Amino acid sequence: MDAQAMSLTCVAGLGVSGTAVAKVLAAHGERVVVVEAVEGERQLAAAAELARLGVETRFGEMVLPEGVTRLVTTGWAPHHPLVAAALAAGVDVVGEVELAWRLRPAQAAPWLALTGTNGKTTAVRMLTSILLAAGRKAVAVGNVGVPVVRAVAEPYDVLAVELSSFQLHWSGTLAPHAAAVLNVAPDHIDWHGSMEEYAAAKGRVYERAGTVIFNADDPEATRLAAPYPGAVGFTLRVPRRGEIGVVEDLLVDRAFVTDPVEGAEELATLDDVRPFAPHNVANALAAAALARSLGVPSEAVATGLRDFVPDPHRLSHVDRIGEVDYIDDSKATNPHAAAAALASYSSIVWVAGGQLKGADVDDLVRQAAPRLRGAVVLGADRVTIAEAIARHAPDVPVVDIADRDTGVMERVVTEAARLASPGDTVLLSPAGASLDMFAGYPARGEAFARAVRELRLRRERDR
């Protein structure tokens, strides 16, 4: 019996990535066992499909099967009992992304990899739009939802790969054509154990990258790129030699040009970036830098940015009622993301709250204080946010919504509208996760949008 026939791979979980991994390994003729704690309808259906491919699924207690030589995890922490048992037994533990890298066929498509605390999905979708505008057959994969392990076997010209810190932790040999870090701020400390370990995981994207690209306006991203000579910075300032940046209303390249000392090339205008906000310009610059590293022409950058359609719940304009704009930024699930949104508007009634996961909000509130006209707080950690506002913006009125029922967002929007004056923006940018009250950040954003629509109907009925 050969080594491959004797080896056994255990896949942790029947999620989207875990199921994709099991299918791909089965197609490669490998022996696979999936372990899954939840015996729900979706999991049973996935297990039945895998059984037809010869893959066994074991439900119940997450126990490492006997004889396993490799464990594929789809983002599980090192301290999870199953993972810890595998590490203690000397089993090769890899992530789905690392497995995909190892399974790449000959002449595989290059990877353009991108990570960061916030903005990853927007930037990687901008990148994909730019690549498509350049005539490249490209797809966004990874943390964005499409498993990389499924995409590597397809005939793409290039993969735009969004990577989380979890995925990077379990990626040991990944060597993308180019890699970018958008920003690094405290997040997922419970998973990594410390801010230092979280930042180190982000920095792994650079270890074998052909071109290192970093946010020159972000101290931690700059620090991570410092060991790599020739790293390319992107900045909202006028770019220096070897950077991509902004000159008046233009996105300008002084890195991927024939003469970076004297030369520069216009890539796009600020009007091409939608929705316009400083952090979104940074996303566009990162996407442009990654595309330019692959030789994409400047015209495709502008076209791709204009063609880009933002995902929902990211500074999405819901409505304008009585000269007040209502913005859904439910994806802002940590203070760093909320800070970027709050910096994008001049006069704000802030809707905030949820699960802060231990994050501090004092700096966030201190910086936003001059823009705040009012606040409505809800969710598990609403009192923490209210207390920070009391410390740093004591004149700002705060409405505390303690209710947790399904109709809470209607009361939130009603109170926010009462606090708002013409010219204000009611901004849902919670700074916290949503699972204390909602199925996820999309459900929270949709509840906000429904409540805004109901507000409009009430106003029209009252005329």
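1. Helices in this note are DSSP runs of H or I with at least four residues, numbered from the N terminus. The model is a predicted one. In that numbering, Lys120 belongs to helix α6, and the points below start from this residue before moving to the hairpin and the salt bridges.

2. Lys120 is a buried residue, because its relative accessibility is 13%, below the 20% limit for that class. Its side chain reaches back to the backbone oxygen of Gly116, at 2.9 Å. Apart from residues up to four places away in sequence, Lys120 touches Leu114, Thr115, Asn143, Glu162, Leu163, Leu182 and Lys202.

3. Gly116 sits in the loop between β6 (111-115) and α6 (120-133). Gly116 has a relative accessibility of 0% and therefore counts as buried. When residues up to four places away in sequence are not counted, Gly116 touches Leu182, Asn183 and Lys202. Leu182 and Lys202 are thus among the residues touched by Gly116, and both also appear in the list for Lys120.

4. The UniProt record, an unreviewed entry, lists Gly116, Thr117, Asn118, Gly119, Lys120, Thr121 and Thr122 under "binding site". The same positions fall in a stretch, residues 115-291, that UniProt gives as "domain: Mur ligase central", again from an unreviewed entry. In the model, the end C-alpha atoms of residues 115-291 are 15 Å apart, and the span is 32% helix and 21% strand.

5. Lys202 deserves a separate remark. Lys202 is part of helix α10 (residues 195-203). What is the nearest side chain of opposite charge to Lys202, and how far away is it? It is Asp187, at 7.3 Å; Lys202 is buried yet has no salt bridge. The distance explains the missing bridge, because a salt bridge requires a side-chain nitrogen of Lys or Arg within 4 Å of a carboxyl oxygen of Asp or Glu.

6. The surroundings of Lys202 can be listed from its contacts. Leaving aside neighbours within four places in sequence, Lys202 is in contact with Thr115, Gly116, Thr117 and Lys120, among others. Further contacts of Lys202 include Leu163, Ser164, Ser165, Leu168, Val181, Val184 and Leu224. Of the residues in contact with Lys202, Gly116, Thr117 and Lys120 are included in the UniProt "binding site" list.

7. A second region to inspect is the strand pairing that involves β13. Strand β12 (residues 243-247) pairs with strand β13 (residues 250-253) in the antiparallel sense, over four bridges. Within this pairing, Gly245 has Val252 of β13 as its bridge partner. The hairpin of β12 and β13 has two residues between the strands, and Glu248 there takes a positive phi near 55 degrees. Strand β13 is also joined to strand β14 (residues 265-269) by four bridges, and these two strands run antiparallel. Leu250 stands opposite Thr269 in β14.

8. A search of the whole structure finds 26 salt bridges. One of them joins Glu30 and Arg70, with the closest N and O atoms 2.5 Å apart. This pair links distant parts of the chain: Glu30 is in the loop between α2 (16-27) and β2 (31-36), whereas Arg70 is in strand β4 (residues 70-73), 40 residues apart. Glu30 counts as buried because its relative accessibility is 16%, and Arg70 counts as buried at 14%.

9. Asp272 and Arg306 also meet in a salt bridge, at 3.3 Å from N to O. Asp272 lies in the loop between β14 and α12 (278-293) and Arg306 in helix α13 (residues 298-307), so this pair ties together parts that are 34 residues apart in sequence. Are the two partners buried or partly exposed? Asp272 is buried, with a relative accessible area of 7%, whereas Arg306 is partly exposed at 39%.

10. The salt bridge of Arg366 with Asp363 is a local one in sequence: the residues are three apart in helix α15 (residues 362-368), so about one helical turn separates them. Their closest N and O atoms are 2.3 Å apart. Both partners are partly exposed, Arg366 with a relative accessible area of 43% and Asp363 with 42%. Elsewhere, Asp92, Glu98 and Arg102 are linked in a network of salt bridges.

Note on methods:
Residues numbered from 1 in each chain as written. Predicted model: local features only at pLDDT ≥ 70, side-chain atom pairs only at ≥ 80, totals over all residues. Heavy atoms only, no water. Pairing = 2+ DSSP bridges. Buried < 20%, exposed > 50% of the residue type's maximum accessible area, 1.4 Å probe, protein only. Lys, Arg positive; Asp, Glu negative; His and termini not counted. Contact = heavy atoms within 4.5 Å. UniProt positions renumbered as here; feature names shortened; annotations may be inferred. Polar contact = N/O pair within 3.5 Å; in protein donor to acceptor, adjacent residues only side chain to side chain.
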